[in-house]
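Reader: Hello! I am new to this structure and would love a close look at a single part of it. Could you walk me through one helix and what surrounds it?

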Amino acid sequence: MSAEGARNTGLHVTGGTVSVGGNVNAVQHQHHHAAARESLAAADRRAQRPTDIGILTVLAEEMAAVVEMLGRAADHRVEQTYGGRTVHRATLAADGGPVRVVAAQALEPGTHSAASAYQELRRRFAPPLVLLVGIAGGVRADVPVGDVVLADEVIWYDSRRETEDGPRRRGRIQATAPVLRHRINDFLVRHGPVMRPGPDGAFRVHRGPIGSGNAVVTDAGSGIRSWLAEVHEKTLAVETEAAGVAQAFYEEIADDRALRGWMTVRGISDRADRHKGHADHELAARHAALVVERLLPYLRLVEEDR
């Protein structure tokens, strides 16, 4: 039997008698060498990429919480881009190997600035995953201030047609990439929904949809809140950047096979009503960063074998 025949017999057994001959060991060695080469190729692709995960924030409190988290890494360093944007880089430990993280702050709130910051982060550092981390307003009674939302869907509420009978909204829903939903599943199975970080006391981690658009919601009777409840009764929170990142990701995904996904992690800072203020921004941002710190090791994705 030729080596090719031995290879076919070893890998495609359909029944009958299997004869073990002198070529089997050679074929096994070839298979092992091929697997080793594929593993090395995957490692080379990871090494050639500047970073594994990108983090975007918007507010100063959000960036400070992320910087505090990254500052616990031994190699935390600060750089400046040509355009003046400050970026923080660090390598965090994970079971499958190190996770290289880069974090930057958008110029200002809103979907357009968030999309621009996402594009620059991707262009300069090419992270296959991007996390938008910060605060949001809760719109459900069971999601209080201090809790954290892992958004697996983003509902855009800005698009609308103005009529004499009032606005007619034309929102869209974008789900998080399946690879991230799998990793969130694993994270929640292992950690559960309750986090106990220390002096702040326990808080819960929720998973579900959020609303996003440029309008800031500060009214419990807002038409946006009512519309979101009709579109998806489990909408957990509202914020003003995720829709921009979602669109930027959507427009890029077909052009870059290495791009795997994005998601937003939001600490609840207010109830998106008339009492909305800044008192709990720092608390909510800190809780979001704590969840991200525990989530990051689960986001070290397996490279595709080519």
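Author: Happily; here is a walk along helix H5, starting with the chain as a whole.

This is a predicted model, in which local features need pLDDT of at least 70 and side-chain atom pairs count only at pLDDT 80 or more, while totals for chains, interfaces and linings use all residues. Residues are numbered from 1 along each chain as its sequence is written, and side-chain values use heavy atoms, with hydrogens and water left out.

The chain holds 8 helices and 13 strands. Both are DSSP runs numbered from the N terminus, with at least four residues of H or I for a helix and at least two of E for a strand. Of its 306 residues, 46% count as buried. Here, buried means under 20% relative accessible area, exposed means over 50%, and partly exposed lies in between, with a 1.4 Å probe and protein chains only.

Now to H5 itself. This helix covers residues 178–191, 14 residues in total, and reaches 20 Å from its first C-alpha to its last, close to the 20 Å expected at 1.5 Å a residue. That expected span is 1.5 Å times one less than the number of residues.

Which residues of H5 are buried? They are Leu 180, Ile 184, Asp 186 and Phe 187. Looking down the axis of H5, you find these buried residues within an arc of 160 degrees, so they line one face of the helix. The arc is taken from the directions from the helix axis to the C-beta atoms. On the other side of H5, Pro 178, His 182 and Val 189 are exposed.

Several elements help to cover the buried residues of H5, including strands E5 (129–138), E6 (148–156) and E11 (203–212), as well as helix H8 (281–295). Just after H5 comes Gly 192, with a positive phi of about 75 degrees.

Phe 187 deserves a second look. The structure holds 1 aromatic pair, and the ring centres of Phe 187 and Tyr 298 are 5.6 Å apart with their planes at 80 degrees, so the pair is edge-to-face. Rings of Phe, Tyr and Trp (its six-membered ring) pair if their centres lie within 6.5 Å; planes under 30 degrees apart count as stacked, over 60 as edge-to-face and the rest as tilted. Because Phe 187 lies in helix H5 and Tyr 298 in the segment after H8, the pair ties together parts that are 111 residues apart in sequence. Both Phe 187 and Tyr 298 are buried.

Conventions: Contact means heavy atoms within 4.5 Å.
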